[in-house]
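Biologist: I am new to this structure and would like a close look at a single part of it. Please begin with one strand and its partners, and then place that part within the rest of the chain.

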Amino acid sequence: MNRTMLWFRKGLRMHDNPALLAAARDAARLYPTFIVDPWFVNPKRVGVNRMRFLLESLRELDGNLRRLGSRLIVLWGTPQEVLERALADWQIGRLCFERDTEPYARTRDEAIRSLAERAGVQVICPTAHTLYDPDELIELGRGKVPTTYGVFGRLAAKMGEPDAPVAAPSHLPPPGELEAEYGIPTLAQLGYPEPECPSGQMIPPGGEAEGLRRLHAYLSDRQRSAGFAKPDTDPTAFDPPSTTALGAHLKFGCLSARTFYAEVQKVYREVGKHTEPPVSLMGQILWREFFYTVGYATPNYDCMEGNPVCRQIPWEDNPEYLAAWSEARTGFPWIDAAMTQLRTEGWLHHLSRHAVACFLTRGDLWVSWEKGQAVFERLLVDQDWSLNASNWMWLSASAFFNAYYRVYSPISFAKKYDPEGSYVRRYLPQLARLPAEFIYEPWKAPRPVQKQAGCVVGRDYPDPIVDHEQAKARNLERMRLAYEQNAKGG
């Protein structure tokens with residue numbers, strides 16, 4: 001065991017990292033490793049903003065390791081092939097990595113575990129990306145997967161308090177001598193163009209320090225944190241956003257979920273009175289936990305067919321509608337502004353996500369949630385497999401949520417938060433000079449007003465892709481029929 005490899009995938013941090021502590025324990029040589037896996041390094045699957053966030057996080061992780069006498073070793077290739085060679089070449093006796101519950105990762109990790117054991121390498125794989133071990137939660141529920149937040153909450157309460165965060169190490173064993181540089185690549189080396197949005201504008205920088213800084217900055221306003229109610233936050237606020245915007249740091253494990261939980265609990269103890277789940281800050285980390293658990297235990301969770309929690313709805317395959325939606329060409333400024341923010345910055349407020357998802361699916365365009373899920377998978381910096389699938393099923397009223405008749409208006413919804421249209425003007429500058437009364441419905445502006453604003457609908461900005469009220473009525477009937485068919489078992 002005197003030569004140990006620590007394999008980073010998520011968990012890109014020093015604080016609260018049980019895999020790191022296990023790897024360093026009694027090791028004479030430590031090989032902290034990250035693998036550039038072609039499964040993920042693919043611009044069709046992972047957009048440039050998320051890749052930039054990852055590289056920023058890796059650079060900071062490398063710096064933190066170097067300050068303790070270690071460093072990050074970056075290898076390229078399929079993990080099974082790369083690790084089989086590395087374990088042998090570096091004479092590794094112990095392999096440590098944080099558990100990952102996503103389907104690709106589970107298949108990959110089982111193969112790695114098998115090849116390591118065949119080579120006589122001990123494998124240590126603690127649960128630290130979530131508050132709880134999903135297998136223990138499901139076992140506590142007598143093997144039944146919790147498919148509602150309420151059922152999950154009762155199971156979580158029975159689990160008791162999550163383990164407390166563990167301290168970061170104060171020193172690390174050095175790596176062995178390396179025959180190559182094994183440095184962190186650039187975006188260009190990975191085949192990515194420069195991002196559309198300059199770093200530091202609205203995209204949070206990657207890395208552990210920024211995740212911790214943002215958490216503590218948000219929680220420094222104790223009353224706001226204790227009184228947080230997610231449905232009351234503003235989807236049109238952008239400088240700063242009205243939520244913690246820590247999803248990406250949690251997704252990559254730059255910020256530990258257990259640290260988030262512990263710090264919020266400190267605030268609650270200090271303030272006393274606070275909001276409760278599901279809307280509270282604590283409720284948000286528990287939503288994450290719930291979706292991780294149900295996603296882990298449900299086959300085919302990211303698709304409609306073969307998914308036992310998902311209603312079967314006859315969505316249409318309409319490439320033109322999908323392209324217009326994803327490219328911010330629907331002719332509805334609120335929807336197009338949100339999709340522009342998603343493309344350029346890789347982030348959206350949760351209510352913006354709700355609105356654009358509803359618009360694509362049951363609200364207006366009747367396109368499958370799987371198509372929207374794929375666009376979010378590519379563009380979101382905080383894209384998280386189980387959360388992405390869960391939210392798309394929810395917003396399309398395919399699972400978890402059945403009030404399909406509650407449709408987000410692409411016109412009036414944002415207007416109540418931002419009547420002047422500041423958000424739209426920021427992300428759709430071609431509409432910036434329109435009077436406020438027309439900012440959400442530019443097609444209603446008289447032609448002279450459009451010309452004076454420098455934005456003629458049909459030339460400078462698209463006509464609406466559908467008549468919202470007509471599309472809504474048609475789709476409500478489609479949903480009613482689909483629900484009836486599902487109730488009959490059809």
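**Strand β1 and its surroundings**

Modeller: Leucine 6 has cysteine 96, in β4, as its bridge partner. The model in which this pairing is found is a predicted one. The two strands concerned are β1 and β4 (residues 94-96), which pair in the parallel sense over three bridges.

Strand β1 has another partner in β2 (residues 29-36), and here the pairing, again parallel, runs over six bridges. Within it, tryptophan 7 stands opposite threonine 33 of β2. The connection between these two strands passes through helix α1 (residues 18-24), and β1, α1 and β2 together make a right-handed β-α-β unit.

How enclosed is β1 by the rest of the structure? Five of the six residues of this strand (residues 3-8) are buried, so β1 is largely enclosed by what surrounds it. A residue counts as buried when its relative accessible area is under 20%.

From β2 the arrangement continues to β3 (residues 73-76), to which β2 is joined by four bridges, the two strands running parallel. Phenylalanine 34 faces valine 74 of β3 in this pairing. A second right-handed β-α-β unit is formed here, made of β2, helix α2 (residues 48-67) and β3.

The side chains of this region also appear in the account of the interior. In soluble globular proteins, nonpolar side chains tend to be buried together. The largest nonpolar core in the model has 93 residues, and Ile285 and Trp325 are those with the most contacts inside it. Helix α11 (residues 281-297) supplies the largest share of this core, eight residues. Separate from it is a second core of 33 residues, whose members include Leu6, Phe34, Leu65 and Val74. Leu6, already met as the bridge partner of cysteine 96, thus belongs to the second core, as do Phe34 and Val74, which stand opposite each other in the pairing of β2 with β3.

The larger core may be followed through one of its residues. Tryptophan 325 touches, among others further than four places away in sequence, Ile335, Met339, Val356, Phe359, Leu360, Val375, Phe376 and Trp392. Trp392 is one of the buried residues of α16. Eight of the eleven residues of α16 are buried, so this helix is largely enclosed by the rest of the structure. The elements that cover its buried residues include α4 (103-118), α11, α12 (319-326), α14 and α15. After α16 comes alanine 397, with a positive phi near 60°.

Two neighbouring loop residues between α14 (350-363) and α15 (369-379) also deserve attention. Tryptophan 366 is found in this loop and, although it is not a glycine, has a positive phi of about 55°. Tryptophan 366 is buried, with a relative accessible area of 2%. Valine 367 lies in the loop as well, and its relative accessibility of 1% means that it counts as buried. Leaving aside neighbours within four places in sequence, the contacts of valine 367 are Trp315, Glu316, Asn318, Tyr321, Leu322, Leu360 and Thr361. Leu360 is also touched by tryptophan 325.

Empty space remains to be described. Rolling a probe the size of a water molecule over the atoms shows where such space is left. The largest pocket holds about 1,300 Å³ and is lined by 46 residues, with Lys230, Gln284, His350, His354 and Asn391 nearest its centre. Two or more lining residues come from each of α9 (247-251), α11, α14 and α16 (385-395). Helix α11 therefore contributes both to the lining of this pocket and to the largest core, where its share is eight residues. There are also four cavities of 30 Å³ or more in the whole structure. The largest cavity has a volume of about 60 Å³, and among the residues lining it are Lys10, Arg99, Asp100, His129 and Tyr292.

Lastly, two cis peptide bonds may be noted in loops. One joins aspartate 239 and proline 240, with omega about 5°; proline 240 is in the loop between α8 (222-226) and α9. Another runs from proline 277 to proline 278, with omega near 10°, and proline 278 is placed in the loop between α10 (257-271) and α11.

Conventions: Residues are numbered from 1 along each chain as its sequence is written. This is a predicted model: local features need pLDDT of at least 70, side-chain atom pairs count only at pLDDT 80 or more; totals for chains, interfaces and linings use all residues. Side-chain values use heavy atoms; hydrogens and water are left out. A nonpolar core is a set of buried Ala, Val, Leu, Ile, Met, Phe, Trp, Tyr and Cys residues joined through side-chain atoms within 4.5 Å. Buried means under 20% relative accessible area, exposed over 50%, partly exposed in between (1.4 Å probe, protein chains only). Contact means heavy atoms within 4.5 Å. Two strands pair if DSSP finds at least two bridges between them. A crossover is right-handed if, with the strands pointing away from the viewer, the path from the first strand over the helix to the second runs clockwise. On a 1 Å grid over the protein atoms alone, a cavity is a set of points where a 1.4 Å probe fits but cannot get out, and a pocket is an open set with protein on both sides within 12 Å along at least five of seven lines; lining residues have an atom within 4 Å of a point. Grid points are joined across faces, edges and corners, and a volume is the space filled by probe spheres set on the points.
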